[in-house]
Amino acid sequence: MDKVSEMYGTNVFNEKTMKERLPKETFKELEKTIQDGKPLNIKIANAVAHAMKVWAIEKGATHFTHWFQPMTGVTAEKHDSFIEPRNDGTVIMSFSGKELIKGEPDASSFPNGGLRATFEARGYTAWDPTSYAFIKDGVLCIPTAFCSYTGFALDKKTPLLRSMEAINKQALRIVKLFGHDDVKSIKTTLGPEQEYFLVDKEYYEQRKDLIYTGRTLFGAMAPKNQEMEDHYFGTIKSRVQKFMNELNEELWKLGISAKTEHNEVAPAQHELAPVFSTTNIAVDHNQLTMEIIQRVAKKHGLVALLHEKPFEGINGSGKHNNWSISTDTGINLLEPGETPSENAQFLLMLAAIIKAVDEHQDLLRLSVATAGNDHRLGANEAPPAIISIFLGDELTSILESIENDTPYIEGEHEYMRIGASVLPNFQKDTTDRNRTSPFAFTGNKFEFRMPGSALSVAQPNIMLNTVIADALQEYADILENAEDFDTTLHQLIQETLRNHKRIIFNGNGYDDSWIEEAKARGLLNLKTTVDALPYSILPENIELFERQGVLSKDEILSRYEIMMEEYTKILNIEALTMVDMAKKQILPSIIRFEKELADTILLKASVSQSLPVGYEASTLEAISNELEQANEALLTLQSDLDKLHAIDNFELAAAYVRDRIIPAMDALRKPCDKLEMLTGSEYWPFPTYGKLLFGI
Ligand code: ADP
Ligand code: MG
């Protein structure tokens, strides 16, 4: 076997390993549990735990952990060793079925919003057997969901699994209507493309803003940015290539199918894309990928920045969320197909998505709302904060002909009769040309491009699955009772297109005129996190999540509070970091440079009154003026922060951050960036954009 196939999945307790190591009966039972989602009985759990332990110890593991995804958006783990002391002073290595299926971490230190009162700090983690256990850094990691004892989801995985169940249930009803009685389960698939920046560790460590916040809070533009467009797909530098090679190996060992790697548009920016997989596994893998990118980078003297906007004036980083839905029999329901029946099923799915996205723009928008992503959405690089769907001109005109019962012009002048006609050929590869759309159909999947690079992709997928499940449910209710299936189907799709076509937009999403047009179409434009998040607690949205069994009202309210607080906390840290850097680093450095200038002027005058001091004097004047501005802005930011700290309502605090703290931060940055340009480089206290972006 070649080296890659040999190492692939070696650190994963995957199906192949289970088959080899579990008694046949146990394996069968476990497989059934995985497929049916039934709870694991303790006898099976004991047998699986034993085999897992033996395997993990052979691989050098000494500890195990329940690996989970609390509301912080990063993963959490608490390591327990396998050792169990005996009376004779020795230990044995033990790992029981109980320890495999359930853990009890202290939940009180994880964010839980309003649930604090109800669950009294007690939570438990439960194995998600659909996601394989794996070994990371000598620790056996068991992917788990995290709940309170009263059953509240305290993590991002539980609602994700629930949303997958919701869409499974409704999509099964739909495919049955098209005669697919053999289909037993339907799962959504996800391929997240991950962008990140790499900077030299030595420079990183000299910047408090990068250390504390993951992004630069000060920094004038370098003489060169991304205008030469020479980085995108450019040759990968050997240091970076070495990092990527090791990264790929680490990911492959964990069964993560890292597939493509390339340089992105901005200097020092890169992308990694995996082969897609079932959504909950892809989410686990993306969380791991983010962690491993950071870890491997350090080994190469680099630091990976996953922040959405590490550098002002340079493209930010996103995470394209490629979404589709497939049956266990291997049919991708977003594949247009070849027969009238396949086409009809495809068009119905497409209609459900159009309806869901239009009706729930708010939920999709807020699913990607974070302090970091606010820098991207709407800036001239990422899709705008307005949700719209790109279908391409050909597919759009096919839909128009269905909507209006008019012939499809490009094709053979045929009327599209759903269930009877074959879809005219539309060039699938032309659908991916538009890179400015936030939600684009790309042939057999949708690419949601709004998520930020640091986001847990659980969030957007919970929303997508839930809103589409709800649309499918409405369709299934109608179609199951239809007297004439084909006619009802035709009308249903027609009606959807009529009511929701405003969401389809094939033009340039970066163009200012789109903002105006979107407004005229009545589309939402929620510019910031603070504008978007309150939509999560609208009564109709709470009803939707309860109807689909994805989140309860209490869970939604708690998530709302957690996310608003997170926003405020992030900006508070950023603002405090700015104050610190300005006060302790920037202003004192400037004063040294000023002194140098003033001393020089005096010194020159003492030598001869006729020596010109034009540069020294004008620079001193310019710097003094900027310094005054910086000082004023600093005082304002400090007093605004004091006011923020006195607000004890989380909604008012978040709004204050948006309206006062952010403008005050901008006001401080401006003179400081000007000062950077005016000051000799040896006086500037930390590495500049030029070094960070081109220094590798
Ligand atoms: P690009 O967007 O860079 O042109 P592709 O469109 O080929 O590249 O694929 C991007 C991502 O979409 C990859 O991670 C790929 O695995 C994923 N993808 C492809 N098919 C599906 C699918 N059916 N469901 C989910 N993701 C998919
Ligand atoms: Mg893509």
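## A guided tour, beginning at His-63

Select His-63 first: beyond its neighbours within four places in sequence, this residue is in contact with His-79, Asp-80, Ser-81, Phe-82, Gly-138, Val-139 and Leu-140. The model on display is a predicted one, and every value along this tour is computed from it.

With His-63 still selected, show the secondary structure. His-63 belongs to strand E1, which covers residues 63–67. The relative accessible area of His-63 is 27%, and the residue is therefore classed as partly exposed, between the limits of 20% and 50%. Now add Ser-5 to the selection and draw a distance between the two C-alpha atoms. His-63 and Ser-5 lie 58 residues apart in sequence, and their C-alpha atoms are 27 Å apart in space.

Among the contacts of His-63 are Gly-138 and Val-139, and these lead to the next stop. Select Asp-137. Asp-137 sits in the loop that joins strand E7 (134–136) to strand E8 (139–148). Which sign does the phi angle of Asp-137 have? Phi is positive, near 55°, in a residue other than glycine. The side of the loop may be examined with a surface display: Asp-137 is exposed, its relative accessible area being 59%.

A second residue invites inspection of its backbone. Select Ala-268, which is found in the loop between strand E10 (258–263) and strand E11 (269–274). Ala-268 is not a glycine, yet its phi is positive, at about 70°. Is Ala-268 buried or exposed? With a relative accessibility of 8%, Ala-268 counts as buried, because this value falls under the 20% limit.

Next, turn to the cysteines and display their sulfur atoms. How many disulfides does the model contain? The count is 0 disulfides, a disulfide being a pair of cysteine sulfur atoms within 2.5 Å. Cys-147 takes part in no disulfide, and the nearest cysteine sulfur, which belongs to Cys-141, is 19 Å away. Cys-147 is buried, with a relative accessible area of 11%. Select Cys-672 as well: this residue is also buried, and its relative accessible area is 0%.

Move from there to helix H22, which spans residues 650–678 and includes Ala-667. Ala-667 is partly exposed, with a relative accessible area of 40%. Add Gly-214 to the selection. Ala-667 and Gly-214 are 453 residues apart along the chain, while their C-alpha atoms are separated by 20 Å.

Finally, clear the selection and view the whole protein. The secondary structure comprises 23 helices and 17 strands. Along the principal axes, the C-alpha atoms fill a box of roughly 100 × 85 × 55 Å. For 696 residues, a compact globule would have a radius of gyration near 26 Å, and the value of 28 Å for this protein agrees with that. Of the contacts with a separation of 6 or more, 75% are accounted for by residues 24 or more positions apart.

A surface view, followed by colouring by charge, completes the tour. The protein exposes about 29,900 Å², of which carbon and sulfur atoms supply 52%. Of its 696 residues, 55% count as buried. The protein carries 72 positive and 102 negative charges, and the mean positions of these two sets are 5 Å apart.

Note on methods. Residues are numbered from 1 along each chain as its sequence is written. Chains are lettered from A and ligands numbered from 1 in the order in which they are written. This is a predicted model: local features need pLDDT of at least 70, side-chain atom pairs count only at pLDDT 80 or more; totals for chains, interfaces and linings use all residues. Side-chain values use heavy atoms; hydrogens and water are left out. Buried means under 20% relative accessible area, exposed over 50%, partly exposed in between (1.4 Å probe, protein chains only). Helices (H or I, at least four residues) and strands (E, at least two) are DSSP runs, numbered from the N terminus. The radius of gyration is taken over C-alpha atoms; the globule rule is 2.2 Å times the number of residues to the power 0.38. Contact means heavy atoms within 4.5 Å. Accessible areas come from the Shrake-Rupley method with a 1.4 Å probe; for residues, only the protein chains shown count as cover. Lys and Arg count as positive and Asp and Glu as negative; His and the chain ends are not counted. The place of a charge is taken as NZ of Lys, CZ of Arg, CG of Asp or CD of Glu.
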